[in-house]
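My notes from a session with this model are below. I went through helix packing, salt bridges, burial and backbone oddities.

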Amino acid sequence: MVVRARAPLRLSFAGGGTDVAPFPATEGGAVLSATIDRYAYGSLSPRDDARISVHSLDLGMSVDFDAADEPSFDGRLDLVKAAVRRLGGTTAGFDLLLQSNAPPGSGLGSSSTMLVALVGLLREHHRLPLTDYEVADLAYQAERVDLRIRGGHQDHYAATFGGFNFIEFGDRVIVNPLRVKDSVIDELQLNLLLCYTGTTRHSSRIIEDQSARLAGGQSETLEGLRAQKELAVTMKSALLRGELSEFGALLGEAWKQKKRMSPLIATAFIEEAYEVAMRAGALGGKVTGAGGGGYILFYCDFAKKHRLAEALTRMGGVVTDFAFEPKGLTTWRA
C-alpha cells in the first residue's frame, strides 16, 4: 500500500534566531509562527526487492541504495539518507518520490519541512508509535546533528504541529498552539503580502556568522536576539487581541532588530524593496527566514495592497498569494 505525506511550510513573524544554539541554552528562545498552504510532499511505495530508490522532482536528482546498507552522505539527497538512517531498521525496499512548493533557501523552512514529511512517511510505513514531539525532534536531529547543517529548531516543530504557534526553546521545546479568532486570521491573511526576492540563499552561512558573533560576545547580536524574543511575546499578545495594525508595525520592528544579528541578513535588494513597500503604504515587513534572500512578508491595509504589489513587481519582486494552513504533518495510505 502506498503511503503519502504532506507537511506545511511556515511564516516566521518574530523570534527567529533565538532557537539557534547557544542562545536557547543560555537565555531561552521564543518564536511566533504560522503555517501556510505551501507544502513538502512525499510518496512511499513498497518494493518486492531490497532496494531503496529516491527521486526529487524539485532537484531533478535520484539516488538508489540497498536497504540493508547505511547510506553515505555525499551531497546527493542527504536529507533523505539521514531520515532513512534514523528510521530504517528493515531490509525491505521502497520507492520515494518527493516534491516541495518552495526551493531550499526560500526562507519558508522548506528543507526542514521536507525532513518532517520524510519522518512522517517512514513513521507511517513502519507503523512506529511516535508522538508529534518525537517526529519533530527526529527531523531536527537528522538535519542538525547527523548532517551538521547549522540552524534552529523552529521549522521542524512548525511543520509537524501546524497552525499558529508560540514555540519556546530551552531545556526542552514547548509548542503553545494559539487560539486566534477566525475573523482575525481572515483579516491578517487579507492584509499580508508575500514577495519573492528572486534569489535563494544558504541560511547556514548566515546562522554560522550569527552564532560566531554571539560566541564572540558581540553585544549588538545579543541585544538583537533578546529583542527578537521580546517581540515574539508582544506580537503574540497583539495577535490574540486582534490588534493587527500594531502587529503589522511590530513586524517592521522585528526586521529592524533582526538586522542587528548579522550584517549578512540584509541585501541591497531587500533594503530597496522594504523602502519601496513602506512608501507604498506598508506598516511593516521582514524577511521570512534567516535573510540574504528568499521571501519578504509585508503588512498593509487591504485598500493599499494592490499599490504595494504593483510597486514591488515593478522593481523585480514576485508577489504571491497564500492562505494559512491549520494542519501540520498529515500522512495517509492510498
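**Backbone oddities**

I began with Pro-22, which sits in the loop between β1 (3-14) and α1. The peptide bond leading into it, from Ala-21 to Pro-22, is cis, with omega near 10°. I keep in mind that this is a predicted model.

Next I looked up positive phi values outside glycine. Arg-127 has one, at about 55°, and is not a glycine. I found Arg-127 in the loop between α3 and α4. Its relative accessible area is 62%, so I put it down as exposed.

Arg-148 goes in the notebook too: phi is positive, about 55°, and again the residue is not a glycine. Arg-148 belongs to the loop between α4 and α5. With 72% relative accessibility, Arg-148 counts as exposed.

**Helix α10 against helix α11**

How do the axes of α10 and α11 cross? I noted that helix α10 (residues 268-279) and helix α11 (residues 302-314) have axes that come within 9 Å and cross at roughly 150°. Angles over 145 degrees count as roughly antiparallel, so α10 is roughly antiparallel to α11. The crossing of this pair, α10 and α11, is right-handed.

Then I listed who touches whom. From α10 I have Ala-273, Val-276 and Ala-277, and they meet Leu-308, Ala-311 and Leu-312 of α11. Sorted by class, the contact of α10 with α11 has six nonpolar residues, no polar and no charged ones.

**Helix α3 against helix α5**

I did the same for α3 and α5. Their axes are 8 Å apart and the packing angle is about 50°, which makes α3 oblique to α5. I logged the crossing of α3 and α5 as right-handed.

Which residues meet here, α3 to α5? On the α3 side I have Ser-112, Thr-113 and Val-116, and on the α5 side Asp-155, His-156, Ala-159 and Thr-160. The class split for the contact of α3 with α5 is two nonpolar, four polar and one charged.

**Ala-158**

While in α5 (residues 154-161) I stopped at Ala-158, which is part of that helix. Ala-158 has 1% relative accessibility, so it counts as buried. Leaving out residues up to four places away in sequence, I get contacts from Ala-158 to Arg-10, Ser-33, Thr-35 and Ile-167. I also took a C-alpha to C-alpha distance from Ala-158 to Phe-298: 20 Å in space, for 140 residues in sequence.

**Salt bridges**

How many salt bridges does the count come to? I get 19 salt bridges. I went through a few of them.

Arg-226 and Glu-27 have side chains that meet in a salt bridge, 2.7 Å from N to O. Arg-226 is in helix α8 (residues 219-241) and Glu-27 is in the loop between α1 (23-26) and β2 (29-46), so this pair ties together parts that are 199 residues apart in sequence. Arg-226 is partly exposed at a relative accessible area of 30%, and Glu-27 is partly exposed at 29%. I also noted a network of salt bridges that links Glu-27, Glu-223 and Arg-226.

Arg-241 pairs with Glu-246, and the closest N and O atoms of that salt bridge are 3.4 Å apart. I have Arg-241 as partly exposed, with a relative accessible area of 48%. Glu-246 is partly exposed as well, with 32%.

**Helix α2**

The salt bridge between Asp-78 and Lys-81 took me to α2; the closest N and O atoms are 3.7 Å apart. Both residues, Asp-78 and Lys-81, lie in helix α2 (residues 78-86), three residues apart, which is about one turn of the helix.

Are Asp-78 and Lys-81 buried or exposed? The cut-off for buried is under 20% relative accessible area. Asp-78 has 17% relative accessibility, so it counts as buried. Lys-81 has 5% and counts as buried too.

I then pulled the whole buried set of α2: Asp-78, Val-80, Lys-81, Ala-82, Ala-83 and Val-84. These buried residues of α2 pack against the strands β3 (51-56), β4 (61-66) and β5 (94-100), and against the helices α3 (110-126) and α4 (132-146).

Note on methods: Residues numbered from 1 in each chain as written. Predicted model: local features only at pLDDT ≥ 70, side-chain atom pairs only at ≥ 80, totals over all residues. Heavy atoms only, no water. Axes fitted to C-alpha atoms, helices over the stretch in contact; angles between N-to-C directions. Helix = DSSP H or I, 4+ residues; strand = E, 2+ residues; numbered from the N terminus. Parallel < 35°, antiparallel > 145°, perpendicular 65-115°, else oblique. Left-handed = near helix turned anticlockwise from the far one by under 90°. Contact = heavy atoms within 4.5 Å. Nonpolar A, V, L, I, M, F, W, Y, C, P; charged D, E, K, R; others polar. Salt bridge = Lys/Arg side-chain N within 4 Å of Asp/Glu carboxyl O. Buried < 20%, exposed > 50% of the residue type's maximum accessible area, 1.4 Å probe, protein only.
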